[in-house]
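Colleague: I am new to this structure and would like a close look at a single part. Please take me through the nonpolar core, then place it in the rest of the chain.

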Amino acid sequence: MGELVYTSVFKNNALIIFDALADDEMQTGTRLESDVNDFSNSLNRFNYCTRHRIRSHNQLVAAFMALELECRSGVTKPVLHFECHGDTEKGLLIAASNEYVPWLELAERIAFINAATGNNTGVVLAACYGFEISKLVRFEEPCPFHFVLGPENEVEAGYLRDSMIAFYRTVIA
């Protein structure tokens, strides 16, 4: 049997952080935004990172719709980064409203953005059990994202904070 070779090209010009953590928690999204913008600015990649403070399900939906329009116009090819708590069954938690966004709904909303970018949407779930979303990918259907990164289990916020900046420095450079 011959060797299978897979080549992937991912074009990216923006990091969009959806920050749905509670105000009294470690503000890893704020820190990530600051660190990424400092690094991207040093490379003359200005306005690379934008953080949306998400306080309700409706606000998240509105942010997705606005981003989809940007992507359809050809302006944005994003990595979507989620700073949230996650649950294997319920999905992502929006702490301020105590609402969950089910994994299936999240995948469907991301799929619209991915279609608008021509399969140039990456997803990073800095949330416990974030890899659950990958279980929704079906071979017979278009993939909702170009790539997805997320933990399979519970993780500490400090660990995610420390590993994310190194990852994004590589993506930006």
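Modeller: What follows starts with the core and moves outward to the whole chain and its loops.

First, the ground rules. This is a predicted model, where local features need pLDDT of at least 70 and side-chain atom pairs count only at pLDDT 80 or more, while totals for chains, interfaces and linings use all residues. Residues are numbered from 1 along each chain as its sequence is written, and side-chain values use heavy atoms, with hydrogens and water left out.

Now the core. A nonpolar core is a set of buried Ala, Val, Leu, Ile, Met, Phe, Trp, Tyr and Cys residues joined through side-chain atoms within 4.5 Å. Buried means under 20% relative accessible area, exposed means over 50%, and partly exposed lies in between (1.4 Å probe, protein chains only). The largest such core holds 28 residues. Phe-18, Phe-82 and Leu-106 have the most contacts inside it. Six elements are listed as giving two or more residues to this core: strand S1 (14-19), helix H2 (57-72), strand S3 (78-83), strand S5 (91-94), helix H3 (103-116) and strand S7 (122-126). H3 supplies the largest share, six residues. Helices (H or I, at least four residues) and strands (E, at least two) are DSSP runs, numbered from the N terminus. In soluble globular proteins, nonpolar side chains tend to be buried together.

Start with Phe-18. Contact means heavy atoms within 4.5 Å. Leaving aside neighbours within four places in sequence, Phe-18 is in contact with His-52, Ile-54, Leu-60, Ala-63, Phe-64, Leu-67, Leu-80, His-81, Phe-82, Glu-83 and Cys-84. There is also a second, separate core of 13 residues. Leu-32, Cys-49, Val-79 and Met-164 are among them.

Next, Leu-125. This residue sits in strand S7. Its relative accessible area is 1%, so Leu-125 is buried. Beyond four places in sequence, Leu-125 touches Phe-82, Leu-92, Trp-103, Leu-106, Gly-130, Ile-133, Val-148, Leu-149, Gly-150 and Pro-151. Phe-82 and Leu-106 appear in that list, and both were named above for their contacts inside the largest core. Asn-41 is another matter: its C-alpha atom is separated from that of Leu-125 by 24 Å, with the two positions 84 residues apart along the chain.

Leu-93 belongs to strand S5. Leu-93 has a relative accessible area of 12%, so this residue counts as buried. Setting aside residues within four places in sequence, its contacts are Ala-20, Cys-84, His-85, Asn-98, Glu-99 and Tyr-100. The C-alpha atoms of Leu-93 and Ala-127 are 9.2 Å apart, and the two residues are 34 residues apart along the chain.

A polar residue can be buried too. Asn-37 lies in helix H1 (residues 28-42). Asn-37 counts as buried because its relative accessibility is 16%. Not counting residues up to four places away in sequence, Asn-37 touches Tyr-48 and Cys-49. Cys-49 is included in the second core.

Now step back to the chain. It has four helices and eight strands. From the N terminus on, the order is β-α-β-α-β-β-β-β-α-β-β-α. Of the 173 residues, 43% count as buried. Among contacts with a separation of 6 or more, 72% join residues 24 or more positions apart. The C-alpha atoms fill a box of roughly 55 × 40 × 35 Å along the principal axes.

Last, the loops. Ala-96 is in the loop between S5 and strand S6 (99-101). Ala-96 is at 49% relative accessibility, so it counts as partly exposed. Its C-alpha atom is separated from that of Val-148 by 25 Å, at 52 residues apart along the chain.

Two Asn residues stand out for their backbone. Most residues other than glycine have a negative phi. Asn-44 has a positive phi of about 60 degrees, although it is not a glycine. Asn-44 lies in the loop between H1 and strand S2 (49-53). At 59% relative accessibility, Asn-44 counts as exposed. Asn-119 also has a positive phi, near 65 degrees. Asn-119 is in the loop between H3 and S7. At 34% relative accessibility, Asn-119 counts as partly exposed.
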